[in-house]
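Me: I'm new to this one, so please go slowly. Could you take a close look at the salt bridges, and then carry on to whatever else helps me get my bearings?

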Amino acid sequence: MDHFLYRDGVLHAEDVPIPEIAASVGTPFYVYSTATLLRHYHLFNDALDGTDHLVCYAMKAASNQAILKTLAQAGAGMDVVSGGEYLRAKAVGVPGDRIVFSGVGKTAAEIRLALEGGIRQFNVESEPEMEVLNATALSMGVVAPITIRVNPDVDAKTHAKIATGKSENKFGIPIARTREVYAMAAAMPGLDVIGIDVHIGSQLTDLAPFELAYQKVAELTELLRAEGHDIRRLDLGGGLGIPYTRDNQAPPLPSDYGALVKRTLGHLGCEIEIEPGRLIAGNAGLMVSEVIYVKSGEDRDFLIIDGAMNDLIRPAMYEAYHDIVPVVEADPGAEQVKFDIVGPVCESGDTFAKERMMPPVAAGELVAFRSAGAYGAVMSSEYNSRPLIPEVLVQKDQFAVIRRRPTFDEMINRDTIPEWL
Ligand code: LLP
């Protein structure tokens, strides 16, 4: 459920009409709903009620500081994957002991940054990383808390580019080598081995792969404890999917997921961490764009809009489906027409939807991409010298620009010309 509903035929973000925002900031833009962000965070938090837990928002999904602050004030921790994300989380006041550092290629500089600023734990992904972490911690006279990410070799049954839990993926250590790698870590004086980490992929629409992975984590916990490791924290990753379409194919709810976590791991008495990103931010954001032209093709019409693949790359990159709706609601009886919905970028991949049936829209009208809050703005670029589009946050009847659109000069003047030219 989200807070983007039609009222009197006009799409609203909470209590703010979308056309009002468009008139103020121009198109295209991203808009997020505070109530939806909070609702999704609380669904997870409540789902783990009764267990010692922390919901660490995977901020790679949408990392604007206003979003981070909204969630942090509600009690969320953060899952970060780079020095930049770490500093963003710190910039809004998230304490180090609520930040977990994930990622397969942390550099020594990033590790140092986090050890200096404080960190809940590093989720370590390889032996060489472990060695760098140990050496860095020792050189600073501190001990780094770690979990080790195991790759459970489970098929997440999601898009190949976002599946991470199979043995052919680059993530984690192979489950067969767990004992050896934990023994190695335990022997390193700069490391405190506190738990196990697992993340099998993103946009999972079925609980079965989670169940398989978490059963393996439960077995591993007992095995490692028997070997003398004090396993007291389990980081279970993110990955629960969201409904991108309006049919009845809704993925499992966070409450079902929470029940599964308790059923498979509850008896171990460990502290539980989860790292949801998409389910918190995805349906809490829209991308709004204006139709520039309606161009007649041979067997279809093209809706050429002012948003493009550089603003929202998911359709081009993952063949992702986003619901695209007119901001001014069509008459109930309006006939659906077939459009290819495309942006102005000079490649055919700049296509958001092919043969999409929707109510007729004309040049100058607004359309909204639903479920664009996660992996939307954060994956955007300035391809074709198109400035990054603004982000807006709504709370009830107020809205604020949380990242403004740069001017052309700001974009262009970042380049420097060598003296010899
Ligand atoms: N934890 C780790 C270690 C991750 O790698 C990810 C996502 C998450 C948590 C959060 O997963 P989520 O709850 O959001 O599914 N750009 C792609 C998605 C990439 C996901 C990468 N890792 C997309 O637009 O679909």
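Reply: Let's start with the term itself: a salt bridge here is a side-chain nitrogen of Lys or Arg within 4 Å of a carboxyl oxygen of Asp or Glu. Keep in mind that you're looking at a predicted model. Going by that rule, there are 24 salt bridges.

Take Arg149 and Glu125 to begin with. Their side chains meet in a salt bridge, at 2.9 Å from N to O. This pair links distant parts of the chain, with Arg149 in strand E9 (residues 144–151) and Glu125 in the loop between strand E8 (121–124) and helix H6 (127–140), 24 residues apart. As for cover, Arg149 is buried, and Glu125 is buried as well.

Next, find Asp79. It forms a salt bridge with Lys60, and the closest N and O atoms are 3.9 Å apart. Asp79 sits in strand E6 (residues 77–80), while Lys60 is in the loop between strand E5 (53–58) and helix H3 (65–73), so this pair ties together parts that are 19 residues apart in sequence. What about burial, where the limit for buried is under 20% relative accessible area? Asp79 has a relative accessible area of 2%, so it counts as buried. Lys60 comes out at 32%, which means partly exposed.

Now hop over to Lys338, which forms a salt bridge with Glu355; there the closest N and O atoms are 3.8 Å apart. This is another link between distant parts of the chain: Lys338 belongs to strand E17 (residues 337–342) and Glu355 to strand E18 (residues 351–358), 17 residues apart. Lys338 is partly exposed, with a relative accessible area of 37%. Glu355 has 41% relative accessibility, so it counts as partly exposed too. And the pair isn't on its own, since salt bridges that share partners join Asp299, Arg300, Lys338, Asp340 and Glu355 into one network.

Back to Asp79 for a moment, as it leads us to the ligand. A polar side-chain atom of Asp79 lies 3.5 Å from a nitrogen atom of the ligand. Glu275 has a polar side-chain atom 2.6 Å from a nitrogen atom of the ligand. Gly277 joins in through its backbone, with an N or O atom 2.9 Å from an oxygen atom of the ligand. How much of the ligand does the protein cover? It covers 91% of the 590 Å² of accessible area that the ligand has on its own. There are 18 residues around the ligand, and those that come nearest are Ser202, Glu275, Arg278, Arg314 and Tyr375.

Here's another charged side chain to look up: Lys106. You'll find it in the loop between strand E7 (99–101) and helix H5 (108–117). Its relative accessibility is 9%, so Lys106 counts as buried. What does its side chain touch? The side chain of Lys106 makes a polar contact with the side chain of Glu129, at 2.6 Å, and it reaches the backbone oxygen of Gly103 at 2.8 Å.

Let's leave the charges and turn to the aromatic rings. Rings pair if their centres lie within 6.5 Å, and by this rule there are seven aromatic pairs. In one of them, Phe210 and Tyr214 have ring centres 5.8 Å apart and planes at 40°, so the pair is tilted. These residues are four apart in helix H8 (residues 208–226), which means about one helical turn separates them. Phe210 is buried, and Tyr214 is too. Phe210 has another ring partner, Tyr257: the centres are 5.1 Å apart and the planes at 75°, so that pair is edge-to-face. This one links distant parts of the chain, with Phe210 in helix H8 and Tyr257 in helix H9 (residues 254–265), 47 residues apart. Like Phe210, Tyr257 is buried. Add Phe44, and ring pairs link Phe44, Phe210, Tyr214 and Tyr257 into a cluster.

One last stop, out on the surface. Ile417, Trp420 and Leu421 make a nonpolar surface patch of about 480 Å². Leu421 is in the segment after helix H12 (408–412). Its relative accessibility is 72%, so Leu421 counts as exposed.

Key
Residues are numbered from 1 along each chain as its sequence is written. This is a predicted model: local features need pLDDT of at least 70, side-chain atom pairs count only at pLDDT 80 or more; totals for chains, interfaces and linings use all residues. Side-chain values use heavy atoms; hydrogens and water are left out. Rings of Phe, Tyr and Trp (its six-membered ring) pair if their centres lie within 6.5 Å; planes under 30 degrees apart count as stacked, over 60 as edge-to-face and the rest as tilted. Helices (H or I, at least four residues) and strands (E, at least two) are DSSP runs, numbered from the N terminus. Buried means under 20% relative accessible area, exposed over 50%, partly exposed in between (1.4 Å probe, protein chains only). Patches are made of residues with over 30% relative accessible area and no salt bridge: like charges are joined within 9 Å, nonpolar side chains (Val, Leu, Ile, Met, Phe, Trp, Tyr) within 5 Å. Accessible areas come from the Shrake-Rupley method with a 1.4 Å probe; for residues, only the protein chains shown count as cover. A residue is near a molecule or strand if one of its heavy atoms lies within 4 Å of it. A polar contact is a pair of N or O atoms within 3.5 Å; within protein, one must be able to donate a hydrogen and the other to accept it, and residues adjacent in sequence count only if both atoms are side-chain atoms.
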